[in-house]
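Reader: I would like to go through some of the labels attached to this model and ask, for each of them, on what grounds it was given. Could you set the values beside the criteria as we go?

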Amino acid sequence: MSERSSLILPDTGEPGFGLYVHWPFCAAKCPYCDFNSHVRHQPVDQARFTAAFLREMEHMRTLSGPRTVTSIFMGGGTPSLMAPETVGAILDGIARHWHVPDGIEITMEANPSSVEADRFRGYRAAGVNRLSLGVQALNDADLKFLGRLHDVDQALGAIRLAREIFPRMSFDLIYARPGQTVDAWEAELKQAISYAVDHLSLYQLTIEEGTPFFGLHKARKFTLPDGEESALLYEATQEITEAHGLPAYEVSNHARPGAESRHNLTYWRYGDYVGIGPGAHGRLTLGREKLATATERHPETWLGLVESQGHGMTDEERLGYEEQADELLLMGLRLKEGIDLVRWQQLSGREPDPDREAFLISHGFIERLGNSRLRCTPSGMLILDSVVADLAC
């Protein structure tokens, strides 16, 4: 895939059709991370894995049929451990199997170590036009606590380089860290906004079972801000980003108008997407049903499956209308734009329960946008899981 124009197509408001490619390898496993990521102390055979990605694409193409791709996302793991030639081969493979118009968003996640930053120009030449950097913090003490391999100087250098090379760039920060005050977070967030181009992903630190942090937190080796403190940190996040022209368009994502992540919007608008690689998930509409797919998580086991049977899929589930309606609600209420009520009603076969809706509206947790859309208010976003559970009943 040759280097593409700097012009990225505008958001149409439609769910779209996305391609997700999962590169499962990392240089080190962060103690908070429960993603499907694996450390290998010997070089990964990128040529062999590339051939497997391309072969699995063939199988996924038979499931999806001919489609026009609206976004591509390379996640992980650490995709920036791939050689630019690997990225180029994968993007070329996607273009052989599906229609890929010029100007679609092609995102790759990257870690801001100096070695990976040197590859940025190669990724851009391969076709990547949006970089998502895993910065996570802007002070060295917290970067060390989070298990990151870079320091602040490396992070800022990677941000500067990404701004020079890619038409669009985002980076992640984790807040609600141990001992973090609202004042400290406000200062760090304002510093981050001064470096940002058009998009920030801002996540509260959560403790996931099975991670090193789970055991350490359970043993009280560190504590996190309590519920009230976390709510204050969240509210400060919304106020500061809004004031600086990067309002929230999703619970944890902020962008200048028009710079929202097209690929993630496909998830949240409950569009179709293909998942390729170890541990990747997908959703494909097949008539009245939606096919939910998942592949083998362990990289080498996935590789063996693809080489022997043409794909690494280990789970297929056909979702009926009611299950689709629940997923649409779960995903769509994360968005500031909310959900299309007509679409939800067509899938669920019913109206929202009037008593539950009235209760949530009266308490300021949800609101109607005309007759066609329903969304969470800022207060509702703080208790999103409870709101979804109430409406889904």
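The exchange below takes up salt bridges, burial, strand pairing, backbone angles and surface charge in turn.

Author: One caution comes before the rest, namely that this is a predicted model.

Reader: Why is the contact between E300 and R40 called a salt bridge?

Author: A salt bridge requires a side-chain nitrogen of Lys or Arg within 4 Å of a carboxyl oxygen of Asp or Glu. The closest N and O atoms of E300 and R40 are 2.8 Å apart, so the pair meets that criterion. E300 lies in helix α11 and R40 in the loop between β3 and α1, so the bridge ties together parts that are 260 residues apart in sequence. The structure holds 20 salt bridges.

Reader: What makes E300 and R40 partly exposed?

Author: Buried means under 20% relative accessible area and exposed means over 50%, with partly exposed in between. E300 has a relative accessibility of 34%, and R40 has a relative accessible area of 30%, so both residues belong to the class in between.

Reader: Which class holds the two partners of the salt bridge between D142 and R177, buried or exposed?

Author: Both D142 and R177 are buried, and their closest N and O atoms are 2.7 Å apart. D142 is part of helix α5, while R177 sits in the loop between β7 and α7, so this salt bridge ties together parts that are 35 residues apart in sequence.

Reader: How do you know that E357 and R368 belong to separate accessibility classes?

Author: E357 has a relative accessible area of 9%, which is under 20% and therefore buried. R368 has 32%, which lies between the two limits, so this residue is partly exposed. Their side chains meet in a salt bridge at 2.6 Å, N to O, and the pair links helix α14, which holds E357, to strand β16, which holds R368, across eleven residues. Elsewhere, D11, R269, E337 and R373 are linked in a network of salt bridges.

Reader: Why is strand β4 described as largely enclosed by the rest of the structure?

Author: Six of the six residues of β4, residues 71-76, are buried, so the description follows. Both faces of the strand are covered, with S71, F73 and G75 buried on one side and I72, M74 and G76 buried on the other.

Reader: How do you know that β4 is paired with β1 and with β5?

Author: Two strands count as paired if there are at least two bridges between them. Six bridges join β1 to β4 and four join β4 to β5, so both pairs satisfy the criterion. The strands run parallel in the pairing of β1 with β4, and also in that of β4 with β5. W23 stands opposite G76 in β4, and F73 has T107 in β5 as its bridge partner.

Reader: What makes β15 and β16 edge strands?

Author: Each of them pairs on one side only, within an open sheet of three strands that has the order β15-β17-β16 and antiparallel pairing. Two bridges join β15 to β17, so this pair also satisfies the requirement of at least two. D340 stands opposite R373 in β17.

Reader: Which features of the backbone angles deserve a comment?

Author: The peptide bond from G76 to G77 is cis, with omega near 25°, and G77 is found in the loop between β4 and α2. Q136 has a positive phi of about 80° although it is not a glycine, and this residue lies in strand β6. Y270, in the loop between α10 and β11, likewise has a positive phi, near 60°, without being a glycine. Q136 has a relative accessibility of 8% and Y270 a relative accessible area of 4%; both values are under 20%, so both residues are buried.

Reader: Why can D315 be counted in the negative patch on the surface?

Author: A patch residue needs over 30% relative accessible area and no salt bridge. D315 has 40%, so the first of these conditions is met, and the residue is partly exposed. D315 gathers with E316, E317, E323 and D326 in the patch of negative charge. The elements that give two or more residues to the patch are β14 and α12. D315 is found in strand β14, which gives the most to the patch, with three residues.

Notes. Residues numbered from 1 in each chain as written. Predicted model: local features only at pLDDT ≥ 70, side-chain atom pairs only at ≥ 80, totals over all residues. Heavy atoms only, no water. Patch = residues over 30% accessible without salt bridge, like charges linked within 9 Å, V, L, I, M, F, W, Y side chains within 5 Å. Areas by Shrake-Rupley, 256 points an atom, 1.4 Å probe, with all protein chains shown as cover. Lys, Arg positive; Asp, Glu negative; His and termini not counted. Charge placed at Lys NZ, Arg CZ, Asp CG, Glu CD. Buried < 20%, exposed > 50% of the residue type's maximum accessible area, 1.4 Å probe, protein only.
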